[in-house]
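Please open the model in the viewer and keep the sequence panel visible beside it. The tour below proceeds from the whole chain to single residues, one selection at a time.

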Amino acid sequence: IEEAENRVDAVKLSQLLRVGLDALPARQREVVLLRDVEGLTSAEVCEVLAISEANQRVLLHRGRGRLRQALETELGGGPR
């Protein structure tokens, strides 16, 4: 039973992440996906997207922050 509940939780989390990613501005979504899903380095992301290192850091920070906030809101954690 616990294993089935864990699978349901994983599916729910996956759906929440997808919705959260879809809600991000395009550039933030691209950076988060390339870094956190595809596993590219920051230098690789900069090269692929033709952006500066500083811009990549800002986009990643903002994208992750928005995702975190969306997940906390949906999972009942809410802002503290």
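How much area does the protein chain expose, and what share of it do carbon and sulfur atoms supply? In this predicted model, the exposed area is about 5800 Å², and carbon and sulfur atoms supply 52% of it.

**The whole chain**

Begin with the entire protein chain shown as a cartoon. Four helices and zero strands are present, and the order along the sequence is α-α-α-α. Turning the view along the principal axes, one finds that the C-alpha trace spans about 45 × 25 × 20 Å. The radius of gyration is 15 Å, whereas a compact globule of 80 residues would have a value near 12 Å. Of the 80 residues, 25% count as buried. Among contacts with a separation of 6 or more, 52% join residues 24 or more positions apart.

**Helix H1**

Next, select residues 2-23, which form helix H1. The 22 residues of H1 reach 31 Å from first C-alpha to last, close to the 32 Å expected at 1.5 Å a residue. Which residues of H1 are buried? They are Leu16, Gly20 and Leu21. Viewed down the helix axis, the buried residues of H1 fall within an arc of 130°, so they line one face of the helix. The spacing of such residues has a general background: an α-helix has 3.6 residues a turn, so residues three or four places apart point the same way.

Add helix H2 (26-37) and helix H4 (53-74) to the selection; both are included in what covers the buried residues of H1. Then rotate to the face turned away from the buried side, where the exposed residues Val8 and Val19 are carried.

Pause at Val19, which belongs to helix H1. Its relative accessible area is 58%, so Val19 counts as exposed. A distance drawn from Val19 to Leu71 gives 9.8 Å, C-alpha to C-alpha, although the two residues are 52 residues apart in sequence.

**Helix H4**

Now select H4 by itself. This helix has 22 residues and reaches 32 Å from its first C-alpha to its last, close to the expected 32 Å at 1.5 Å a residue. Its buried residues are Gln56, Leu59, Leu60, Gly63, Leu67 and Leu71. Seen down the axis of H4, these residues fall within an arc of 100°, so they line one face of the helix. On the other side of H4, His61 and Arg62 are exposed. The cover over the buried residues of H4 includes H1, H2 and H3. Just after H4, select Gly76, which takes a positive phi of about 90°.

**The nonpolar core**

Which residues make up the largest nonpolar core? Select these 11 residues and show their side chains: Leu21, Leu24, Val31, Val32, Leu34, Val45, Leu49, Ile51, Leu59, Leu60 and Leu67. The elements that give two or more residues to this core are H2, helix H3 (42-49) and H4. As a general matter, nonpolar side chains tend to be buried together in soluble globular proteins.

Centre the view on Ile51, one of the core residues. Leaving aside residues up to four places away in sequence, Ile51 touches Arg27, Val31, Cys46, Gln56 and Leu59.

**Two buried glutamines**

Move to Gln56 in helix H4. Is this residue buried or exposed? Gln56 is buried, with a relative accessible area of 1%. Beyond residues up to four places away in sequence, Gln56 touches Val31, Arg35, Ser42, Val45, Cys46 and Ile51.

Select Gln28 next, in helix H2. Gln28 is also buried, at a relative accessible area of 7%. Apart from its neighbours within four places in sequence, Gln28 is in contact with Leu59, Arg62, Gly63 and Arg66.

**The last stop: Ala50**

Where does Ala50 lie? Ala50 is in the loop between H3 and H4. Its relative accessibility is 68%, above the 50% cut-off, so Ala50 counts as exposed. The phi of Ala50 is near 55°, a positive value in a residue other than glycine. For background, most residues other than glycine have a negative phi.

Definitions and conventions
Residues are numbered from 1 along each chain as its sequence is written. This is a predicted model: local features need pLDDT of at least 70, side-chain atom pairs count only at pLDDT 80 or more; totals for chains, interfaces and linings use all residues. Side-chain values use heavy atoms; hydrogens and water are left out. The expected span of a helix is 1.5 Å times one less than its number of residues. Buried means under 20% relative accessible area, exposed over 50%, partly exposed in between (1.4 Å probe, protein chains only). The arc is that of the directions from the helix axis to the C-beta atoms. Contact means heavy atoms within 4.5 Å. A nonpolar core is a set of buried Ala, Val, Leu, Ile, Met, Phe, Trp, Tyr and Cys residues joined through side-chain atoms within 4.5 Å. The radius of gyration is taken over C-alpha atoms; the globule rule is 2.2 Å times the number of residues to the power 0.38. Accessible areas come from the Shrake-Rupley method with a 1.4 Å probe; for residues, only the protein chains shown count as cover.
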